[in-house]
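Trainee: I would like to learn how to read a protein model. Could you walk me through this one?

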Amino acid sequence: MSDNLNYLDSEMKHAELEWRRDKVVALYSEGRNQSTIAKILHLSRVTVHRDLHYKIQETRSKARIFLEERIPFENEICRVGLNKVLEKVTFNNPQIRESSYFDFYDDSLTIHWLSSESSIQ
């Protein structure tokens with residue numbers, strides 16, 4: 001029973017901390033300086049500074065994960081999907097299948113014809 005109370009107490013403290021940090025960011029986004037935020041929330045300026053620093057680091061971490069993991073994965077999904085579409089186009093049209101091939105790399109699609117190249121950016 002004591003463990004449950006300790007857990008609930010810990011959860012409540014965490015929720016209060018997150019609420020405070022979100023409130024600090026909200027006031028900061030309204031253009032208020034750290035000293036004013038400290039007065040409004042009855043905190044020290046150092047606490048406000050730490051809360052802002054924590055939220056900045058948290059945002060950087062989330063952005064890094066998004067940039068390093070999610071965007072490349074979404075790009076791969078698009079590349080695979082486009083390749084499937086191109087396979088269907090070339091499979092259903094023997095003239096295209098016999099006289100061209102496709103390269104898709106980065107942000108460009110290059111269609112190689114027998115005697116010329118076309119590039120779609």
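Mentor: Happy to! Keep in mind that this is a predicted model. Let's begin with the surface: the accessible surface of the protein is about 9,800 Å², and carbon and sulfur atoms account for 56% of that.

Trainee: What share of the 121 residues is buried?

Mentor: Buried residues make up 19% of them. A residue counts as buried when its relative accessible area is under 20%.

Trainee: How many helices and strands does the protein have, and in what order do they run?

Mentor: There are 4 helices and 3 strands. Starting at the N terminus, the order is α-α-α-α-β-β-β.

Trainee: How do I see which parts of the chain come together?

Mentor: Look at contacts between residues at least 6 apart in sequence; here, 21% of them join residues at least 24 apart. You can also pick a pair and compare sequence with space. L17 and D51 are 34 residues apart in sequence, while their C-alpha atoms are 9.1 Å apart. L17 sits in helix α1, which covers residues 2–29.

Trainee: Is L17 buried or exposed?

Mentor: In between: L17 is partly exposed, because its relative accessible area is 26%.

Trainee: And how should I read a nonpolar surface patch?

Mentor: Look for nonpolar side chains that group together on the surface. In this protein, F66, L67 and I71 make a patch of about 300 Å². F66 belongs to helix α3, residues 45–92, and is partly exposed at 45% relative accessible area.

Trainee: What about salt bridges?

Mentor: Side chains of opposite charge can pair when their charged atoms come close. The cut-off used for a salt bridge is within 4 Å, nitrogen to oxygen, and the count here comes to 9 salt bridges. One of them joins E30 and R32, at 3.2 Å from N to O. E30 is exposed, with 53% relative accessible area, whereas R32 is partly exposed at 33%.

Trainee: Why are R70 and E74 separated by about one helical turn?

Mentor: Because they are 4 residues apart in helix α3. Their side chains form a salt bridge with an N to O distance of 2.6 Å. R70 is partly exposed at 42% relative accessibility, and E74 is partly exposed at 31%.

Trainee: Where can I find another example?

Mentor: Try R79 and E76, whose side chains meet in a salt bridge at 2.6 Å, N to O. They are 3 residues apart in helix α3, so about one helical turn separates them. Salt bridges can also share partners: that is how E18, R20, R21, D22, D51, K55 and E58 are joined into one network.

Definitions and conventions
Residues are numbered from 1 along each chain as its sequence is written. This is a predicted model: local features need pLDDT of at least 70, side-chain atom pairs count only at pLDDT 80 or more; totals for chains, interfaces and linings use all residues. Side-chain values use heavy atoms; hydrogens and water are left out. Patches are made of residues with over 30% relative accessible area and no salt bridge: like charges are joined within 9 Å, nonpolar side chains (Val, Leu, Ile, Met, Phe, Trp, Tyr) within 5 Å. Accessible areas come from the Shrake-Rupley method with a 1.4 Å probe; for residues, only the protein chains shown count as cover. Helices (H or I, at least four residues) and strands (E, at least two) are DSSP runs, numbered from the N terminus. Buried means under 20% relative accessible area, exposed over 50%, partly exposed in between (1.4 Å probe, protein chains only). Contact means heavy atoms within 4.5 Å.
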